[in-house]
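Good morning, everyone, and thank you for making the time. I would like to walk you through one structure, step by step, and I will explain each term as we come to it.

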Amino acid sequence: MCQPLTYADMPYLLDFEDYPAGYIEEPCWLFYKLLSDASIVEEFNLLILSENDPIFSAAQSGTHYLTIGAGFNTPIYWVLPAVETLSDKVLQFGYRSGYGAHVSYNYRADIGVMSDPFDPTTFVLLDSITTVTDAYQTVVIDLVDYTGTGQYIAIINRSDGSLAIDDHSLTDIEPPIP
């Protein structure tokens with residue numbers, strides 16, 4: 001993984017427009033699947049970024065978005081680079097179902113913080129998404145009250161269906177005092 005993000009790196013914005021569609025390598029992000037016994041079954045730094053495709057899903061803005069595949073009882077973790085200080089940040093992103101509205105799918109995604117990106121037992125829940133439609137919704141998490149030791153923001157797809165994520169941002173609540 002990469003060096004922790006600092007004030008100089010803020011705002012940390014991901015609209016996915018600078019990435020080609022398909023599988024790509026991004027060494028600062030971590031994806032993995034987790035088995036029920038909490039062992040990591042597959043670790044990879046590949047993301048699935050899809051072009052605007054009306055058959056499946058559309059981007060919230062632009063033409064590219066991130067798809068976190070279906071978990072089907074196997075949680076899929078997306079872990080972002082470490083952040084030097086989280087307690088003065090706001091996390092925001094748009095999300096929707098990855099393949100249109102499938103009401104039969106059990107949708108749930110957890111957003112939290114990890115102290116070790118390779119150890120899922122360090123995950124501390126901040127919020128959950130349980131209502132997923134085929135229209136983008138926005139989640140905003142103010143981290144001002146976060147007092148934990150975790151530096152890694154993680155989104156876990158626990159759904160039977162995939163999730164589309166777009167316009168991800170991590171910003172400072174206030175600029176640092178010089």
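Let me begin with a question: which side chain meets that of aspartate 110 in a salt bridge? The partner is arginine 108, and the two side chains come to 2.8 Å, N to O, where a salt bridge is defined as a side-chain nitrogen of Lys or Arg within 4 Å of a carboxyl oxygen of Asp or Glu. Aspartate 110 is buried, with a relative accessible area of 2%, whereas arginine 108 is partly exposed, at 34%; here buried means under 20% relative accessible area, exposed means over 50%, and partly exposed lies in between, with a 1.4 Å probe and protein chains only. As a general remark, side chains of opposite charge can pair when their charged atoms come close.

Before I go further, a word on what we are looking at. This is a predicted model, in which local features need a pLDDT of at least 70 and side-chain atom pairs count only at pLDDT 80 or more, while totals for chains, interfaces and linings use all residues. Residues are numbered from 1 along each chain as its sequence is written, and side-chain values use heavy atoms, with hydrogens and water left out.

The pLDDT, which is the predictor's confidence in each residue on a scale from 0 to 100, averages 79 over the protein chain, and 74% of the residues score at least 70. Confidence is lowest in strand β5, residues 46-51, with a mean of 58, and highest in strand β9, residues 109-114, with 93.

Now to the overall layout. The protein chain has 0 helices and 13 strands, where helices (H or I, at least four residues) and strands (E, at least two) are DSSP runs numbered from the N terminus. Of the 178 residues in the chain, 44% are buried. If we take contacts, meaning heavy atoms within 4.5 Å, between residues at least 6 apart in sequence, then 75% of them join residues at least 24 apart.

Let me return to the charged pairs, since the whole structure holds 4 salt bridges. Lysine 89 takes part in a network of salt bridges with Asp88 and Asp172. Its closest N and O atoms lie 2.7 Å apart in the pair with aspartate 88, and 3.0 Å apart in the pair with aspartate 172. Because aspartate 172 lies in strand β13 (residues 163-172) and lysine 89 in strand β8 (residues 89-97), that second pair ties together parts that are 83 residues apart in sequence. As for their surroundings, lysine 89 counts as buried at 2% relative accessibility, and aspartate 88 counts as buried at 13%, while aspartate 172 is partly exposed at 22%.

There is also a covalent link to point out. The search of the whole structure finds 1 disulfide, a disulfide being a pair of cysteine sulfur atoms within 2.5 Å. Cysteine 2 and cysteine 28 form this bond, with their sulfur atoms 1.8 Å apart, and, with -80° about the S-S bond, the link is left-handed. Cysteine 2 lies in the segment before β1 (12-14) and cysteine 28 in the loop between β2 (22-25) and β3 (30-34), so the pair ties together parts that are 26 residues apart in sequence. Cysteine 2 is partly exposed, at 27% relative accessible area, whereas cysteine 28 is buried, at 18%.

What, then, lies in the interior? A nonpolar core is a set of buried Ala, Val, Leu, Ile, Met, Phe, Trp, Tyr and Cys residues joined through side-chain atoms within 4.5 Å. The largest such core has 32 residues, of which Tyr12, Ile68, Trp78, Phe93 and Leu170 touch the most other members. Among the elements that give two or more residues to this core are β1, β8, β9 and β13. Apart from it lies another core, of 11 residues, among them Tyr77, Val79, Ala82 and Met114.

I will close with phenylalanine 93, which, not counting residues up to four places away in sequence, touches ten residues by name: Ile111, Ile129, Gln137, Thr138, Val139, Ile155, Ile165, Asp166, Asp167 and His168. One of these, aspartate 167, lies in strand β13 and is partly exposed, with a relative accessible area of 26%. The C-alpha atoms of aspartate 167 and alanine 59, although 108 residues apart along the chain, are separated by 8.9 Å.
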